[in-house]
Amino acid sequence: MSQVEVQITLSPDELEKAYMGVDSVYAVSVDGRSIRFPVKILWPFITRDGIHGRFLIEFTQDHKFEKILRIA
């Protein structure tokens, strides 16, 4: 299993775009790798202020999403 750590900051306005049809998020991991993942995996972390935090995203060996954990 692969994993990547990302710092995510999405404002309420940016999240609104996701509801309007944007289906993926592009981020740069803390170690510099580029990653694109489905925005829907972030839904459990939405607050009034958007989504803010550091997350660990785990993928299977064939690069399919496995799970996401908030780590900070």
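Two strands are taken to pair if DSSP finds at least two bridges between them. With that criterion in hand, the strands of this predicted model can be followed from one partner to the next.

The account begins with strand β4, which covers residues 51-59. Seven of its nine residues are buried, so β4 is largely enclosed by the rest of the structure. On one side, β4 pairs with strand β1 (residues 2-10) in the antiparallel sense, and nine bridges connect the two. Within this pairing, Gln7 has Arg54 of β4 as its bridge partner. β4 is also joined to strand β5, residues 65-70, by five bridges, and these two strands likewise run antiparallel. Two positions fix the register of this second pairing: Phe55 lies opposite Arg70 in β5, and Phe59 has Phe65 of β5 as its bridge partner.

Taken together, these pairings give an open sheet of three strands, ordered β1-β4-β5, with antiparallel pairing. β1 and β5 occupy the edges and have a single partner strand each, so one side of each remains without a neighbour in the sheet. From one strand to the next, the twist averages 25°.

The connection between β4 and β5 deserves separate attention. The two strands form a hairpin with five residues between them, and His63 belongs to this loop. His63 adopts a positive phi of about 70°, although it is not a glycine. Is His63 buried or exposed? Its relative accessible area is 64%; because exposed means over 50%, His63 counts as exposed.

A further hairpin is built from strands β2 and β3, again with five residues between the strands. In its turn, Gly32 has a positive phi of about 95°. Strand β2 spans residues 24-28 and runs antiparallel to β3, to which five bridges join it. One of the facing positions is Val28, which stands opposite Ser34 in β3.

Strand β3 itself, residues 34-38, shows an alternation of its side chains. Ile35 and Phe37 point to one face and are buried, that is, they have under 20% relative accessible area. Ser34, Arg36 and Pro38 are directed to the other face and are not buried. Ser34, the residue opposite Val28, therefore belongs to the face of β3 whose side chains are not buried, as the cut-off of 20% defines it.

How values were computed: Residues are numbered from 1 along each chain as its sequence is written. This is a predicted model: local features need pLDDT of at least 70, side-chain atom pairs count only at pLDDT 80 or more; totals for chains, interfaces and linings use all residues. Side-chain values use heavy atoms; hydrogens and water are left out. Buried means under 20% relative accessible area, exposed over 50%, partly exposed in between (1.4 Å probe, protein chains only). Helices (H or I, at least four residues) and strands (E, at least two) are DSSP runs, numbered from the N terminus. Axes are lines fitted to C-alpha atoms, for helices over the stretch in contact, and angles run from 0 to 180 degrees between N-to-C directions.
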